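Colleague: Could you take a close look at the aromatic rings for me, and walk me through how they are arranged? I would like one connected account that I can follow with the structure open.

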2 protein chains.
Amino acid sequence: MKRQITRKEFLAKTTKTVVAVSAGAVAASVLPASGGQWGQAGVINTASAAWPWPYSALDREDARKRGHKGYYDGGCCYGAFIAVLAPLAERFGAPYTNVPAQMMYYGAGGGAGWGSLCGALNGAAAAISLFLDRSRATSVVSELFGWYTTAPFPSDISNDYGTQRVFLVNRCDKLLKQTAAASTLCHASVSTWSTASGFKTESSERSERCARLTGDCAAHAVELLNDVSAAKFRATFVTPPSVAACQGCHGSAIQNVRPSVKEDCQRCHKPNWDHRF
Amino acid sequence: MKRQITRKEFLAKTTKTVVAVSAGAVAASVLPASGGQWGQAGVINTASAAWPWPYSALDREDARKRGHKGYYDGGCCYGAFIAVLAPLAERFGAPYTNVPAQMMYYGAGGGAGWGSLCGALNGAAAAISLFLDRSRATSVVSELFGWYTTAPFPSDISNDYGTQRVFLVNRCDKLLKQTAAASTLCHASVSTWSTASGFKTESSERSERCARLTGDCAAHAVELLNDVSAAKFRATFVTPPSVAACQGCHGSAIQNVRPSVKEDCQRCHKPNWDHRF
């Protein structure tokens, strides 16, 4: 890839941009929001750039293709993570080369295959968190989670790439059925799709579905990061009405559910669940 | 902290140890299990040591105290992650200083507060994944997840540290009720504890419960890593009988649930759930 500007120029330029879009929060944008004894620069975080790392606008569709390929290379969590990190690593080297992306292998299949948090979400969220301070990362990751629960996967774009053999690897060129997970969980996401599509969870079609989903998550993470960089980020996810209804007692009166929980309660708590539980 | 051996000596010594405990898997122990175009050393992973990074046996109780403090510094995910990474970073510098631990802030509260995968589990799993190849990390992280679902939190040790003011920070010295989550999810873990203990989810007691749990997860991660280093690791988690029963159809016949899913199905799928869903 052609090196258009030097890394030094990039870091200088990007740091200015980050500061420019962080009116009133200059310190928070270039220093950890908190950290304590072991989070201070000089102990942890002595890489060549202070966290949060500079971010330069990336190509959303490039991220989609990289995420799709990354799924086949190392699973959903690795795929989404490296799709965001690799373009910067290839172009600028350190600090983007300092994190071994293989550390995200563990997130595949909802964490060692357990079906918990979707690995593509986990990897995309980890990548986002390299570039944003704690407060902004929380907002952007929350938006990513919300988008995930309602988006039909694979996206139209990913289905087009698959059927037209645009992806960097081609293991399946079928048009795949789209389902929304209504959950952040791998198990709910995969089982809903497998049930609706008729393809078994261990089928190559299901793998391809998750590869396209990984690309979609990486692409959306890049879109959100680009929006933050351009001072255009706006959270659009609206908490489902069922959550507000349940939180009316469980969050406010009984207070045994954290107010920050935003997943549709009735995805697991069916109307015929024992309400005393 | 007294520097007992040089980093160079440590890396040389530890690499030998890693190789020694990896009979038949020498290449896998010092090189990525896979990676593809963007995962190769030279692009990503050009830090000063090739992934997986060398691991040296750590003090389990030190990790428990660091995890507890880390929770208050940056949340559960950050706390569990830095509790494992910081001792090596403090002692040996790079490559352990290359990953900004603040990137794990996002995992707090099950990911931006959403209540999905417990952040302490997520952070501990990420830390484990720095030191083990993909296959071994999957085994160890799966064991960590299994342990989490059945362990009573806070552990006896953490409760003792809390009541006796042994922890590095003291925000609550109460003896806290112990509950098992029967789930990897933050929401299930927190709400079960809050319901059983009577302490609200936003109370300082619940925060302290999660701080102690974070320490417990970091300590167990260290224990598992120490076991791997000493060639003593054995997976002990047994998949719940309900999972085997459900997978009898859903995994083997219907095949709409991944065989790797190991969480107790009936934690969400109550007996009175619509079985057609």
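To set the scene, what percentage of the 277 residues in chain A do buried residues make up?

Modeller: Happy to. Please keep in mind that this is a predicted model. In chain A, 59% of the 277 residues are buried. That chain has nine helices and two strands, and along the sequence they follow the pattern α-α-α-α-α-β-α-β-α-α-α.

Now to the rings. Over all chains, the structure holds 25 aromatic pairs. One of them joins A:Tyr105 and B:Trp51: the ring centres are 5.5 Å apart and the planes stand at 80°, over the 60 degrees that such a label needs, so this pair is edge-to-face. The pair crosses between chains. On one side, A:Tyr105 sits in the loop between helix H3 (60–92) and helix H4 (119–128) of chain A; on the other, B:Trp51 sits in the loop between helix H2 (26–30) and helix H3 (60–92) of chain B. Both A:Tyr105 and B:Trp51 are buried.

A second edge-to-face pair is formed by B:Trp53 and B:Tyr96, with 5.8 Å from centre to centre and 85° between the planes. Here B:Trp53 belongs to the loop between H2 and H3 of chain B, while B:Tyr96 belongs to the loop between H3 and helix H4 (119–128) of chain B, so the pair ties together parts that are 43 residues apart in sequence. B:Trp53 is buried, with a relative accessible area of 1%, and B:Tyr96 is buried too, at 0%.

In chain A, ring pairs link A:Trp53, A:Tyr55, A:Phe92, A:Tyr96 and A:Phe131 into a cluster.

Charged side chains come into the picture as well. A:Tyr105, which we met in the pair between chains, has the charged end of B:Arg134 over its ring, 5.0 Å from the ring centre. Within chain B, the charged end of B:Lys65 sits over the ring of B:Tyr161, 5.5 Å from its centre.

Finally, how the two chains relate. Chain A superposes on chain B by a rotation of 180° with 0.0 Å of shift along the axis, at an RMSD of 0.0 Å. The two copies are thus related as by a two-fold rotation axis. Of the interface residues of chain A, 100% are also interface residues in chain B, so the copies meet through the same surface.

How values were computed
Residues are numbered from 1 along each chain as its sequence is written. Chains are lettered from A and ligands numbered from 1 in the order in which they are written. This is a predicted model: local features need pLDDT of at least 70, side-chain atom pairs count only at pLDDT 80 or more; totals for chains, interfaces and linings use all residues. Side-chain values use heavy atoms; hydrogens and water are left out. Rings of Phe, Tyr and Trp (its six-membered ring) pair if their centres lie within 6.5 Å; planes under 30 degrees apart count as stacked, over 60 as edge-to-face and the rest as tilted. Helices (H or I, at least four residues) and strands (E, at least two) are DSSP runs, numbered from the N terminus. Buried means under 20% relative accessible area, exposed over 50%, partly exposed in between (1.4 Å probe, protein chains only). A charge sits over a ring if NZ of Lys or CZ of Arg is within 6 Å of the ring centre and within 35 degrees of the ring normal. Copies are superposed by least squares on the C-alpha atoms of residues with pLDDT of at least 70 in both. Contact means heavy atoms within 4.5 Å.
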